[in-house]
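Work through the exercises below with the sequence and the structure side by side. Try each task before reading its solution.

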Amino acid sequence: MPPWRSYPLALIVSTMPSQWKLLKALVSLAFPCVVAALNNGVGVKPAMGWNPYNAFACSTTEAMYHTQAQSVVSLGLLAVGYQYINLDCGWQATSRDSAGKFQWSNKTLPAGVPALATFVHNLGLKFGVYTDLGVFACDTVGGTAHFIGSLGHETSDVASYASWGADYVKVDNCFAVNSTDFVDFDPPISIKDHFTTMRDALAAAGRPILFSACEWGVQDPARWPGGSVANSWRISNDIGPPNTWDNIFRIMNQVVPITGFAAPGGFNDLDMLEVGNSGLTTAEQQTHFAFWAATKSPLIISTDLTKASTQTLNILKNTRIISLNQDALGKSIAFKRRYTNDHDIWSGPLSDGSTVALVINWQSSSRSLTFNLADVGFSSATATDLITGTSLGKVTTSITQTVSAHGSMVLKLTNGIAAPTPTFTFYPAASGTLAGGATTRAVNSSITVVGFVGNGGTLTLSNVDGGASGGTKLLSFDYINGDVTFSNTACSNCRNTLVSVNGGTGVQVQMPISAQSWDILLSGYLVSLPGFKAGKTNTITLSNPSAFTPDFYRVGVAV
Ligand code: GAL
């Protein structure tokens with residue numbers, strides 16, 4: 001749990017005010033993927049820069065800001081695109097001046113913000129300020145620091161930042177409700193309203209300022225839509241501390257339903273990078289970086305650059321991976337397939353007509369991993385390994401490589417030939433046999449799902465066609481899982497289902513969230529399972545002895 005959270009993180013947001021849900025249901029029906037862009041002339045591509053928080057929390061001094069900014073230039077990071085040097089918590093004073101103007105802490109920044117902005121600008125970099133839309137700002141001492149918040153002072157504060165030379169503002173969300181509620185993941189107010197107030201203040205500032213909204217994913221910002229409010233919006237609780245692979249997994253699952261919302265000018269923010277910080281192996285850092293780049297997250301380095309190793313710099317300065325992030329199309333990779341506890345496949349389009357594919361090794365050991373091209377829709381393609389730059393030439397059917405524990409393949413695929421697409425026969429969940437508490441739920445006039453599967457509840461589909469010869473079949477699940485979490489769980493932002501064919505041992509399948517609410521389907525989650533018999537003689541049973549599964553709409557079987 002991040003130390004700055006004094007709020008009980010076990011309180012998980014799974015519900016929202018009903019009017020929010022209704023609005024979201026209507027929006028998602030009318031515009032399955034609303035992509036709006038803030039037309040403020042900046043942030044057209046994901047922001048790249050440096051912020052101290054993951055390395056120094058709220059204890060960054062003026063001298064440290066100077067040194068790190070100089071390092072961004074001297075280490076060649078500016079040359080590959082990292083241009084913003086951003087303040088984070090600890091720079092603010094705890095009271096305004098007599099005219100109500102925002103003040104910096106003279107202890108932290110004795111020469112003042114304008115001088116720091118000038119220092120940064122003189123290095124050829126851009127300068128970012130950090131503030132908070134609440135009564136006070138965030139801190140790492142349980143909300144007791146009482147740094148100034150901007151609530152009610154948005155216009156005047158933004159005018160101050162603009163006059164000091166700010167090119168970027170990160171806007172945090174502590175004390176959003178009142179002066180005592182430090183961190184609230186389920187606030188009884190519209191968080192969007194706070195952020196639109198800030199957007200409008202920024203539009204009036206007379207200086208192009210990139211708007212980075214830091215609302216931790218509260219109230220599903222991608223669907224506000226965030227693109228009409230800010231240049232990026234945080235999709236999740238903080239990446240750390242502690243810096244762990246579990247946090248990467250939690251955030252990856254949380255972006256599954258919203259990858260389609262990334263577009264030029266407005267991006268999902270998966271939080272600042274942990275590359276260079278202890279806690280992740282080099283391979284994990286590489287996977288983290290490539291995933292953030294390909295989802296079009298801002299790439300904000302947050303490590304002590306004076307201690308950056310060659311490995312750290314090799315990851316951060318890989319221009320092939322950076323090009324994925326800065327690609328003009330601005331589209332994110334999307335979740336394609338999970339081989340539970342084995343590997344994930346994600347892919348997406350690039351502006352030159354090619355496809356990028358990420359294959360993530362979930363196993364905690366280095367091993368041979370086979371990536372089936374059909375999982376991204378191809379039977380053959382020309383492939384380049386973007387981590388090393390090695391051309392793999394024309395590949396047919398699959399690519400096998402040795403991949404480190406939690407490492408990944410990052411491949412650019414060109415000249416792809418389409419693979420045949422499977423045809424599914426669908427079995428509605430509501431027509432199955434429900435037992436042990438499983439029950440139907442009407443989501444809307446056309447969709448009824450089966451919920452309360454797991455914890456004793458089971459759903460069994462019968463008379464499932466195993467085709468002429470049975471054997472292994474490809475299954476396609478349409479489900480709803482709104483079990484979003486802000487802290488790590490056994491399956492963070494996912495739920496486990498055990499799928500049993502003809503009474504055989506249940507196979508564990510990890511299903512990521514389909515939305516942050518219980519009314520939006522994830523369609524086409526694929527699993528291959530053995531044990532089918534020929535003909536319409538099979539049963540499929542969904543269960544989980546110790547937790548709830550998603551709610552199921554239907555299961556398709558390709559014969
Ligand atoms: C959090 C924010 C972090 C960092 C921290 C400072 O709310 O998500 O990125 O700014 O506050 O305390």
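**Exercise 1. Locate Pro 242, then find which residue a cis peptide bond joins to Pro 242.**

Step 1. Pro 242 sits in the loop between strand 6 and helix 7. Helices (H or I, at least four residues) and strands (E, at least two) are DSSP runs, numbered from the N terminus.

Step 2. The partner is Pro 241, joined to Pro 242 by a cis peptide bond with omega at about -5 degrees.

Step 3. Pro 241 also lies in the loop between strand 6 (232-234) and helix 7 (245-255). The peptide bond from Gly 240 to Pro 241 is cis too, with omega near 0 degrees.

A note on the model: it is predicted, so local features need pLDDT of at least 70 and side-chain atom pairs count only at pLDDT 80 or more, while totals for chains, interfaces and linings use all residues. Residues are numbered from 1 along each chain as its sequence is written, and side-chain values use heavy atoms, with hydrogens and water left out.

**Exercise 2. Find where Gln 254 lies, and decide: buried or exposed?**

Step 1. Gln 254 is in helix 7.

Step 2. Check the cover. Gln 254 has a relative accessible area of 1%, so this residue is buried. Buried means under 20% relative accessible area, exposed over 50%, and partly exposed in between (1.4 Å probe, protein chains only).

Step 3. Look for partners of the side chain. One of its polar atoms lies 2.8 Å from the backbone oxygen of Ile 235. The side chain of Gln 254 also makes a polar contact with the side chain of Asn 493, at 3.1 Å. A polar contact is a pair of N or O atoms within 3.5 Å; within protein, one must be able to donate a hydrogen and the other to accept it, and residues adjacent in sequence count only if both atoms are side-chain atoms.

**Exercise 3. Describe the surroundings of the ligand: which residues come nearest?**

Step 1. There are 16 residues around the ligand. A residue is near a molecule if one of its heavy atoms lies within 4 Å of it. Asp 88, Lys 170, Asp 172, Trp 216 and Asp 238 come nearest.

Step 2. Sort the shell by class. It has 9 nonpolar, no polar and 7 charged residues. Ala, Val, Leu, Ile, Met, Phe, Trp, Tyr, Cys and Pro count as nonpolar, Asp, Glu, Lys and Arg as charged, and the others, Gly among them, as polar.

Step 3. Read the distances to ligand oxygen atoms. A side-chain N or O atom of Lys 170 is 2.7 Å from one. For Asp 172, the distance from a side-chain N or O atom is 2.9 Å. A polar side-chain atom of Trp 216 lies 2.9 Å from a ligand oxygen.

Step 4. Finish with the area. Alone, the ligand exposes 310 Å², and the protein buries 100% of that. Accessible areas come from the Shrake-Rupley method with a 1.4 Å probe; for residues, only the protein chains shown count as cover.

**Exercise 4. Trace the aromatic pairs of Tyr 525: how is each one arranged?**

Step 1. Start with the total: the structure holds 25 aromatic pairs. Rings of Phe, Tyr and Trp (its six-membered ring) pair if their centres lie within 6.5 Å; planes under 30 degrees apart count as stacked, over 60 as edge-to-face and the rest as tilted.

Step 2. Phe 335 and Tyr 525 are stacked, at 6.0 Å centre to centre with 25 degrees between the planes. This pair links distant parts of the chain: Phe 335 is in strand 9 (residues 334-339) and Tyr 525 in strand 25 (residues 522-532), 190 residues apart. Phe 335 is buried, at 14% relative accessible area. Tyr 525 is buried as well, at 2%.

Step 3. Tyr 479 and Tyr 525 are edge-to-face, at 6.0 Å centre to centre with 65 degrees between the planes. Tyr 479 is in strand 22 (residues 471-480), 46 residues from Tyr 525.

Step 4. Widen the view. Phe 291, Trp 292, Phe 335, Trp 346, Tyr 479 and Tyr 525 form one aromatic cluster.

**Exercise 5. Place Asp 271 and Lys 296, and find the phi of each.**

Step 1. Asp 271 is in the loop between strand 7 (267-269) and helix 8 (282-294). Its phi is near 90 degrees, a positive value in a residue other than glycine. Asp 271 is buried, at 3% relative accessible area.

Step 2. Lys 296 is in the loop between helix 8 and strand 8 (299-301). Phi of Lys 296 is near 70 degrees, again positive in a residue other than glycine. Lys 296 counts as buried, at 1% relative accessibility.
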